[in-house]
Amino acid sequence: VRSRLSGSCCGVSGKTWIRPGGFDTGLKTFNSLTKQKEPLILAREGVATWYSCGPTVYDHAHLGHACSYVRFDILQRILTKMFGITVIHAMVITDIDDKIIKRSWEAHTDVTLFIYKHVFVIVFEVIPPAVYLRVTDNVHHIVAFIERIIQNGHAYATKEGDVFFDIRSIGDRYGKFGGAADSQGEPWSTNKRDARDFALWKPSKPQEPYWESPWGRGRPGWHIECSTIASCITGHSVFGSQLDIHSGGIDLAFPHHENEVAQSEAYHQCGQWANYFLHSGHLHLKGSAEKMSKSLKNYITIKDFLQSYSANEFRMFCLLAKYRSAVDYSDSSMSQARTSLGTISTFIHDAQAYLKGQLQCLPVQEAFLWERLAETKSSVVKALAEDFDTPRAVGALMNMVYHGNCQLQPVSESDGAARSPAVFAAMISYIRDVLDVFGIDLLHTSHGGNLEGVVEQLTRFRSEVRAFALARQDAPTSGSTSKPGLFKERIPLLKACDTLRDGLAPFGVLIKDRGATSTWEITQGKPSERGQSVQNKDQETSS
Ligand SMILES: Nc1ncnc2c1ncn2[C@@H]1O[C@H](COP(=O)(O)OP(=O)(O)OP(=O)(O)O)[C@@H](O)[C@H]1O
Ligand SMILES: [Zn+2]
């Protein structure tokens, strides 16, 4: 039940988090500002304003970046598709900073946006933000933002053309993310009033790109772009002085988010700018204490990853750990993700075969399965409402799949036993809905859209040939010594059917012969593994 709560964030001193006024979503989320789970209360009913610091990826995008974007994409999809909350997501594209300048600015300004759109949005199907905003398109707003902070008494210009944020001016409000209040964020400059003061504006060196400003030619500091762009775009207030959710990797909490908060609250003269900070844990190579990172050169590129696994499998890998926790990347964790997806996919295909009457089964405990479905639905919602607990939600789904599988006990002759197609149809639909919330599309394969139709036709043809080859000879006439059995001359046809089945397995097409009928599915694993699993499991017609 959503309710209007009273409360105000302005005029607050110190680091105390103020429960926002607005609409209680009924969800709980871990807030880095309080280091505990809090009720998620939004300023406007059914709408979440969400700002995320954009990528700073200039060359090889690595799996750590994908981990961060896919995890937050999953969270946003849950809010939207499970809880009906419209997410307004704005993202800044950093197209000017020290690293870009070093790499020849002109050539690299749009690389980050290109990578984001092509790698994360297209390959990993991350929903793009409502707006991407380039820093270089917004420098005049950044200048105006800094001017206001100076007017409000929270920043100062030096004669060298720097502008620094004045940390002492906000007293004990600096250090909202805890533990880092004494750290020295940027290199010491004799022009600073306090070692912790950080640059809002930097004078440009010769040969560097620059913009005109009241403090001379220069360019924005690192943190100011986010505060400005989240707060006001083209003269209008986008999120205004209040933002519901701000997200980023845990490495960004200090100093970046700390400084964003200081600047924004100094600009808006409010005590609480962003109400919730969501930080995701890092991706590590298994056994490594360090996160996967460009500078440590301990990364796996997206290109290399896609040689072995699919984007769907990576999403499942992300779902199997909580978004806040650090995760280990390894072949075994990826194979766990692959197995989970494979189990779901096989169940869907088997249940479909049952629906079509291709799979004859023992009578099903239908009421029991309806109960499992209802229980799963409520467990999934509960898990996701509790700080987006995706591993628990996937666990509930897998449990339902397990029970569904247990009830699909194939028999060669059904003898007209009662059938329960509706409950299986409902389970399939529900699984698809949940996977859709998570952004996983089981039908989506790299083979292109027509493969399903081709496999269907091929399997049908093969089934007819097999049925013909499996036909039994008439019972021998009395006095004859020969037994009824297969027509000898048709055995090569049966062998050809086996060869076709085994030959398609390495391409991810898994045909299963079930008595006289056959079912098929398209699997998503690596060719070698798919081949193996088929060889091991399914040799019944050759025997
Ligand atoms: N290993 C990782 N796991 C999860 N998120 C990551 C990882 N590495 C980077 N990110 C996230 O990706 C975004 C871009 O990070 P960044 O460009 O700093 O990557 P990086 O490889 O760590 O680079 P550098 O080594 O130069 O710091 C940030 O939001 C950051 O939190
Ligand atoms: Zn930022």
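Visitor: How do the residues of the shell around ligand 1 divide into nonpolar, polar and charged?
Guide: This is a predicted model, in which local features need pLDDT of at least 70, side-chain atom pairs count only at pLDDT 80 or more, and totals for chains, interfaces and linings use all residues. Residues are numbered from 1 along each chain as its sequence is written, while chains are lettered from A and ligands numbered from 1 in the order in which they are written. A residue is near the ligand if its C-beta atom, placed from the backbone, lies within 6 Å of it. With Ala, Val, Leu, Ile, Met, Phe, Trp, Tyr, Cys and Pro counted as nonpolar, Asp, Glu, Lys and Arg as charged, and the others, Gly among them, as polar, the shell holds seven nonpolar, nine polar and three charged residues.

Visitor: Which helix gives the most to the shell around ligand 1?
Guide: Helices (H or I, at least four residues) and strands (E, at least two) are DSSP runs, numbered from the N terminus. Strand 13 (243–249) and helix 1 (63–82) each supply at least two residues of the shell, and the most, four residues, come from helix 1.

Visitor: Why do the buried residues of helix 13 lie on the same side?
Guide: A residue is buried if 20 or more other C-beta atoms, placed from the backbone, lie within 10 Å of its own, and exposed if 12 or fewer do. In helix 13, the buried residues include Val 423, Phe 424, Met 427 and Ile 431. The buried residues share one side because the directions from the helix axis to their C-beta atoms cover an arc of only 150 degrees.

Visitor: Which residues are exposed on the other side of helix 13?
Guide: Helix 13 spans residues 421–438, and its buried residues are covered by elements including helix 1 and helix 9 (311–319). Exposed on the other side are Ala 422 and Ser 429.

Notes
Expected span 1.5 Å × (residues − 1). Contact = placed C-beta atoms within 7 Å.
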